[in-house]
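I opened a notebook page for this structure and listed what to look up. The entries follow in the order I made them.

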Amino acid sequence: MTKLTHTQDIWQARYAQSSPLSQIDPLVARLMGHRSVRAYSDRAVEDDVLLQAIAAAQSASTSSNLQAWSVVAVRDPAKRARLSALCGNQRHINDAPVFLIWLVDWSRLRRIAATQDQPSDGTDYLESYTVGVVDAALASQNAAVALEALGLGLVYIGGIRNHPEDVAAELGLPSGTFALVGMSIGYPDPARPADIKPRLSQATILHNETYDSAPEQAAVAAYDAAMVDFQRAQGRGDLPWSATAVQRVKGPGSLSGRERLRDALQNLGLPLI
């Protein structure tokens with residue numbers, strides 16, 4: 001892993017192209033330096049670190065201040081092993097000293113409403129599901145930024161949605177709550193460093209005034225070439241990004257069991273009306 005100390009370095013790593021900027025704000029540079037870390041040292045994650053990460057998470061924006069999320073921190077190796085099996089046997093869940101599971105949590109407001117003898121039927125609707133997902137995602141990303149600032153590495157785990165009911169049972173989740181995403185965290189192993197993965201160019205992502213797909217074909221072709229180079233350098237094959245991305249959305253069979261997510265959420269007390 002190359003130490004990045006220069007605007008051109010960080011931009012080149014993220015976009016596989018020269019930077020149009022003469023300088024980048026230090027916070028932006030830190031955000032651009034994010035990388036998924038799947039190898040960890042033996043150093044334990046201190047309680048103070050976790051407290052700071054959750055403080056950062058709770059400082060994220062939240063719709064109507066409803067704070068419709070919770071998080072479960074799992075340190076127990078046996079429990080992490082069971083969760084890893086439910087997530088497709090991802091070894092970094094076992095290897096990381098802490099596994100965080102970010103929850104959409106409407107159970108808390110339902111309990112509060114019950115103490116006031118008030119209904120909480122609004123939590124049954126798709127809008128509330130969306131609010132909870134956005135709240136939990138914003139919170140987890142704030143925590144991710146904080147953890148990286150504190151010297152830790154992390155990787156998000158979408159596989160936590162492979163078996164929602166089994167995960168809920170493992171974590172003792174109440175009705176109206178489900179695991180949105182996992183996050184393995186720990187101090188990076190210096191012997192197995194991670195590198196910054198290139199992203200699509202801003203010409204593909206940023207639209208001004210109206211949506212414009214005209215630059216897309218050329219930009220995707222350039223990104224495919226950059227990703228082939230990156231994957232080869234990582235020893236991970238050489239399929240272009242566009243081919244692997246299309247395979248991930250090809251049909252229900254490519255969703256790793258998550259094609260039944262609506263049914264699972266209904267089983268967990270979220271009707272999604």
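Entry 1, terms and overall form. I take helices and strands from DSSP runs, numbered from the N terminus, with at least four residues for a helix and at least two for a strand. The model is predicted. I counted twelve helices and four strands in the chain.

I then asked whether the radius of gyration fits a compact globule or not. The chain has 20 Å, and a compact globule of 273 residues would have a radius of gyration near 19 Å, so the two agree. Along the principal axes, the C-alpha atoms fill a box of roughly 60 × 50 × 35 Å.

Of the 273 residues, 40% are buried. I also looked up contacts with a separation of 6 or more: 74% of them in the chain join residues 24 or more positions apart. The exposed area of the chain is about 14,800 Å², and 53% of it comes from carbon and sulfur atoms.

Entry 2, valine 131. I found valine 131 in helix α7. Is valine 131 buried or exposed? I noted a relative accessible area of 12%, and buried means under 20%, so valine 131 is buried. Leaving out residues up to four places away in sequence, I listed Ser63 and Trp106 as what valine 131 touches. Serine 63 is 68 residues from valine 131 along the chain, yet their C-alpha atoms are separated by 6.6 Å.

Entry 3, the cavity. How many cavities of 30 Å³ or more does a search of the whole structure find? I got one. The volume of the largest cavity is about 40 Å³. I wrote down its lining: Ala57, Gln58, Ala60, Ser61, Thr62, Gln67, Trp69, Asp135 and Ala139. The elements that give two or more residues to this lining are α3 (47-58) and α7 (126-149). By class, I have four nonpolar, four polar and one charged residues in the lining of the largest cavity.

Entry 4, glutamine 67 and serine 256. I looked up backbone angles next. Most residues other than glycine have a negative phi. Glutamine 67 is not a glycine, but has a positive phi of about 50 degrees. Glutamine 67 sits in the loop between α3 and β1 (69-74), and is also one of the residues lining the largest cavity. I have glutamine 67 as partly exposed, because its relative accessible area is 32%, and partly exposed covers the range between 20% and 50%.

Serine 256 is not a glycine either, and I noted a positive phi of about 55 degrees for it. Where is serine 256? I placed serine 256 in the loop between α11 and α12 (261-267). With 42% relative accessibility, serine 256 counts as partly exposed.

Entry 5, leucine 51. I found leucine 51 in helix α3. The relative accessible area of leucine 51 is 59%, so I recorded this residue as exposed, the cut-off being over 50%. I also took a distance from leucine 51 to proline 240: the two are 189 residues apart in sequence and 40 Å apart in space, C-alpha to C-alpha.

Entry 6, glycine 153. Which strand holds glycine 153? I found glycine 153 in strand β3. Its relative accessibility is 3%, so glycine 153 counts as buried. Not counting residues up to four places away in sequence, glycine 153 touches Val37, Tyr40, Ser184, Ile185, Gly186 and Pro188. I also looked up aspartate 189, which is 36 residues from glycine 153 along the chain; the C-alpha atoms of the two are separated by 9.2 Å.

Entry 7, the pocket. I noted a volume of about 1,300 Å³ for the largest pocket. Which residues of its lining lie nearest its centre? Of the 40 residues in the lining, I listed Ser36, Arg38, Val155, Lys197 and Arg199 as nearest. Elements that each supply at least two residues of this lining are α2 (26-32), α5 (91-95), α7, β3 (153-157), α10 (216-234) and α11 (241-248). By class, I wrote down 16 nonpolar, ten polar and 14 charged residues for the lining of the largest pocket.

Terms used. Residues are numbered from 1 along each chain as its sequence is written. This is a predicted model: local features need pLDDT of at least 70, side-chain atom pairs count only at pLDDT 80 or more; totals for chains, interfaces and linings use all residues. Side-chain values use heavy atoms; hydrogens and water are left out. On a 1 Å grid over the protein atoms alone, a cavity is a set of points where a 1.4 Å probe fits but cannot get out, and a pocket is an open set with protein on both sides within 12 Å along at least five of seven lines; lining residues have an atom within 4 Å of a point. Grid points are joined across faces, edges and corners, and a volume is the space filled by probe spheres set on the points. Ala, Val, Leu, Ile, Met, Phe, Trp, Tyr, Cys and Pro count as nonpolar, Asp, Glu, Lys and Arg as charged, and the others, Gly among them, as polar. The radius of gyration is taken over C-alpha atoms; the globule rule is 2.2 Å times the number of residues to the power 0.38. Buried means under 20% relative accessible area, exposed over 50%, partly exposed in between (1.4 Å probe, protein chains only). Contact means heavy atoms within 4.5 Å. Accessible areas come from the Shrake-Rupley method with a 1.4 Å probe; for residues, only the protein chains shown count as cover.
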